[in-house]
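Dear colleague,

I am handing over the structure below, and I would be glad if you kept it open while reading the notes that follow it.

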Amino acid sequence: MSIRLEQGGRLIDRNAPLDFTFDTKHFGGFAGDTLASALLANGQTVVNRSYKYHRPRGIMASGPEEPNALVGLGQGARFEPDQRATTTELFDGLAAMSQNAWPSLGFDMMAVNQWFSSMMPAGFYYKTFIWPRPFWKHVYEPIIRDAAASGLPPKEADADRYEHFYAFVDLLIVGGGIAGLQAALTAGQTGARVLLIEQTAHWGGRAPVDGAEIDGKLADVWISETLAVLAAMENVSLRSRCMGAGVYDHGYALGYERLTDHAPQVAGPRHRLWRIRAKQIVTATGAIERPLSFAGNDVPGVMLASAVRDYVVNFGVAPGHRTVVVTNNDDAYRTALALIDAGLEVPVVIDARDRNDGPLAREVMRRGVQVELGAAVMKVKGSKRVEGVMLCRANGTGGAGALVECDSVAMSGGWSPVVHLYSHCGGKLLWSEDHAHFYPDPSRPPLGADGLGFVRCAGIAAGAMGTRSVLADATAAALAAASAAGHTGAATPPVADDAEETPMTPVWIMPQQALPELRAKMFLDFQNDVKVSDVQLAAQEGFESVEHAKRYTTLGMANDQGKLSNINGLAILADSRGEKIPQVGTTTFRPPYQPISFGSIAGEARGEIFQPLRRTPMHDWHETQGAYWEPVGHWRRPYCYPKQGESHDAAVAREVLATRNSLGLLDASTLGKIVVKGPDAGRFLDMLYTNMMSTLKAGKCRYGLMCSENGFLSDDGVVARIDEETFLCHTTSGGADRIHGWMEDWLQCEWWDWKVYVANVTEQWGQIAVVGPNARKLLEKLGGLDVSKAALPFMGWVEGELAGVPVRVYRISFSGELSYEIAVSAGQAMALWSKLLVAGWEFGITPYGTEALHIMRAEKGFIMIGDETDGTVIPQDLGLGWAISKKKDDYLGKRAQQRSHMTDPNRWKLVGLETLDGSVLPDGAYAVGEGYNANGQRNTIGRVTSTYHSPTLGRGIAMGLVHHGPDRMGEVIRFAKVDGALIDARIVSPVFHDPDGEKQDV
Amino acid sequence: MLILTCPYCGIQCDETELAPGGEAHLTRHGPGSTDEDFETYLFDRANPMGVHFERWRHANGCGKWFLAARCTVTLEVFGTYKAQTTEPPAEIVAAIKARRPEWEAGR
């Protein structure tokens, strides 16, 4: 049972007690505790249940590599699942919930899974839940998801704030241990701009716990002195609680700063995402200790030896009264010494090596501890907590084993440098036979834009073991990085020693010839319940590639991303394949190093400021009228203006009829407006549009189509010729930016010698459509401009003043009614809108929205980009042959439209559709034909592209693309509804209303 | 998150300022071209592990299109240049040759 010691704990303040809860229990801790150290201090050995077998699990590590101690933190809108107890700083009132156990941690119903574990091998889900097919979705998946669930997702919107922060530095140094501090000091002294970030709240890393001495001082002293020097350097910035999350192309890096996780009462953003551009990056990210694979290595109470030492020295917490140390290297002896120093019992150190007469082993023996060489743990006794270990020979099958009673096990399988950040952007690794770990290959770093490396590792992260080596390496790395960033200098590392240690021996399973029964209890990936036997089975079944074995077994796929399991797992895989570890290689390291919050990624971009909102000059007026909004690109347009108690359908019908019968008003300001100007403007537009624009006379308008080079219709709109050299091209509302970019592309990259400028003036103009039989009367009432048929005929435009406001009036119609589109400078648009409303009162003037616009255009058979077109439709499909010039040698899309598939008479073509019963066809519905296709589905002969209830005609109308459609006028075809019912519709002309165009040309 | 220098405004652009435009130096084939030529123009794109010429637009900046010579494997940038050319300028070719002596122009 774990306890709080009477003394010790360099990070805690025993004068500052804190209260917190775990599930329903109230516990006490101290300021400076992590949630993990506080749980241990309260004897909470079991903190979680495993994913697959629901085995009880305890705290295993003291840092971000912790696989088991995941909890739900906070409540309501501040609830967050899957938070690591080892990286959660304790605060007063902290509320943590256990996960993955039902009904409780102590008694989990799903724990029966572990008795069937031999029936749930690697690939179990793939093998078992295949047949019958439909069972997967409705039976297997929900059950498996429930059983394998981790934390629950939060139900409410996140109540906290987050922000992004941009930084540009010469050197980013990741990791604030002694290597990072020495690197920052060295680089800082060259004058380089340095940002040093550390993921924990404390500087100095492991050195104080490991008893390092630097410049003849205790590590703690050297650390605080160095920090003081760094704090005084103007070119050096220090951020603690800031993790290096990822390294990306060309020196881009992400830092994840946890500002108030430890102090929720403090106002301000919770997390800050640092978006850093660094000329050079130094990763001083240290190393992670590996577990050993022996049977029962997951029983609560089995911990990493370094973690045991951390809890004793940093927090004054003992993971047990009687701790067995099991190791293949000398470092774990430091744990034995730390435990003895704290007055705790170490019955035996089990060392897998045959010989060890190094100073650490001698010191441990001098303190009266038995050291068993060439020994191993055969298995751990106990289920919910350690009761003892069975001691056996390392080289054997285990035999009977001799019981050593204990309540905690400290294990060490050696240390692996944290090479994640070095690898994120392509840095390559080497295998060290001496230390049995991967370390960065300095000759193959991630490359920057100049083709030179931009990431260096420093200290243990670079494979430098020992205090002297770490400081020397950090100094050299910092000088090299600073020099690469343009700052040279010299520095001497502080004085320190590398402790004399007996070489480690790789130990991948314990004992070496363990039989299958033991191997099936040796856990590699504690979070995903992957065992030695699973990886061996995967290799046997042919999943030999490390990436395949990973996915087949789920090794390293949990949210710790295999920080503890990967090396051990691939050693097993290599052994199964009869190959060496470097031949097997590692899986890919991907950012982030540890999970970061979604909130930090979003930053401030949420809610109203998720993206910019474009407002027309009349936006506020629409809002006061209670407009029901429709998003169109970044614009909001009124869909309709419902009156009090009026349904949207009723409002739309009212708006259509009012416009058709008298007078409607539309805010058309979102319409794209692009000026094309220059001596070659006509020639340019002849290439862009399918029809001839160069022959358009000044003062006239022409409808035009634009296609991609693939021949597909891309945009449409009315072009007005302003003068000999100037055209104004209207585009769709959503297409303005894209079409402007399209024009620039051709002018800059293909026809750069043509004398043409283009400018997107969409927002310079408000545009108001005055529509309906009384439109002319309204403009005449405002006065100032001759808008008669003679002075301003259909498809003409004039410039002048309307009610004293300078305007340009286009006589164009998208509704089939007498219609004037008035362009007015954006600043005066609202004033003109108001004048029109007031003067239009006597005609019952009715503002209408996008839905009325859509219905009126459909009643007239006018196509809409995005409805009738979908990126596979050419103008010829839509009966728009009249808008394609036969005289031009070339236009964008012409060559493509000559391809055999485009000229195929079997292409579906545009027609109107009228249901026999007057109902509205479902949007996107398919017309069914004779017979069935190869998949057993009904053959299709057409589909609906636009469909509405027409208030003008009092029935459903639609447009659609139908096989041989225009040749089948009057024929009745059947459309399938989603529920399988069929609906009959007659093929008719797409122009339902005023087919001769008499109303618009009056 | 690449950094490319816009040859027009001289700004070192973060990738978020840029819009990608695919392979550079394509020859447009219009009406009258053979099916093979047109297919090449429309669909056939180089996808090298190594030196690649590509189009970028300084979309959230000066708005100009420019071209970049870049290694798709190492992300090394050999240079950027203005779009008004049908082939990479001599200094870009020289910069590539200096770093990749085995590289041959053209495809």
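**Chain B, chain A and their contact**

Read from its N terminus onward, chain B runs through its elements in the order β-β-β-α-β-β-β-α, which comes to 6 strands and 2 helices. Its radius of gyration is 14 Å, close to the 13 Å that the globule rule gives for 107 residues, so chain B is as compact as a globular protein of that length. Please bear in mind throughout that this is a predicted model.

The C-alpha trace of chain B spans about 40 × 35 × 25 Å along its principal axes. Of the 107 residues in chain B, 24% are buried, and of the contacts in this chain with a separation of 6 or more, 46% are between residues 24 or more positions apart.

One part of chain B can be described in detail, namely the hairpin of β5(B) and β6(B). Strand β5 of chain B, residues 65-71, pairs with strand β6 of chain B, residues 77-82, in the antiparallel sense, and the pairing extends over 5 bridges. Within this hairpin, A68(B) has T80(B) of β6(B) standing opposite. The hairpin has 5 residues between the strands, and L75(B) takes a positive phi there, near 70 degrees.

Chain A has 1002 residues, of which 52% count as buried, and its secondary structure consists of 25 helices and 51 strands. Along the principal axes, the C-alpha trace of chain A spans about 115 × 65 × 55 Å. When the contacts in chain A between residues at least 6 apart in sequence are considered, 66% of them join residues at least 24 apart.

That leaves the place where the two chains touch: how many residues does each chain give to the contact? Chain A contributes 20 residues and chain B contributes 21 residues. On the side of chain A that touches chain B, the elements giving two or more residues are α21 (736-749) and α25 (894-897) of chain A. Of these, α21(A) supplies the largest share, with 4 residues. Sorted by class, this side of chain A holds 9 charged, 6 nonpolar and 5 polar residues. As a general remark on such contacts, the size of an interface is often given as the accessible area lost when the parts come together; for this contact I have kept to the residue counts of 20 from chain A and 21 from chain B.

With best regards

How values were computed. Residues numbered from 1 in each chain as written. Chains lettered and ligands numbered in written order. Predicted model: local features only at pLDDT ≥ 70, side-chain atom pairs only at ≥ 80, totals over all residues. Buried ≥ 20, exposed ≤ 12 C-beta atoms within 10 Å, placed from the backbone. Contact = placed C-beta atoms within 7 Å. Rg over C-alpha atoms; globule rule 2.2 N^0.38 Å. Nonpolar A, V, L, I, M, F, W, Y, C, P; charged D, E, K, R; others polar. Pairing = 2+ DSSP bridges.
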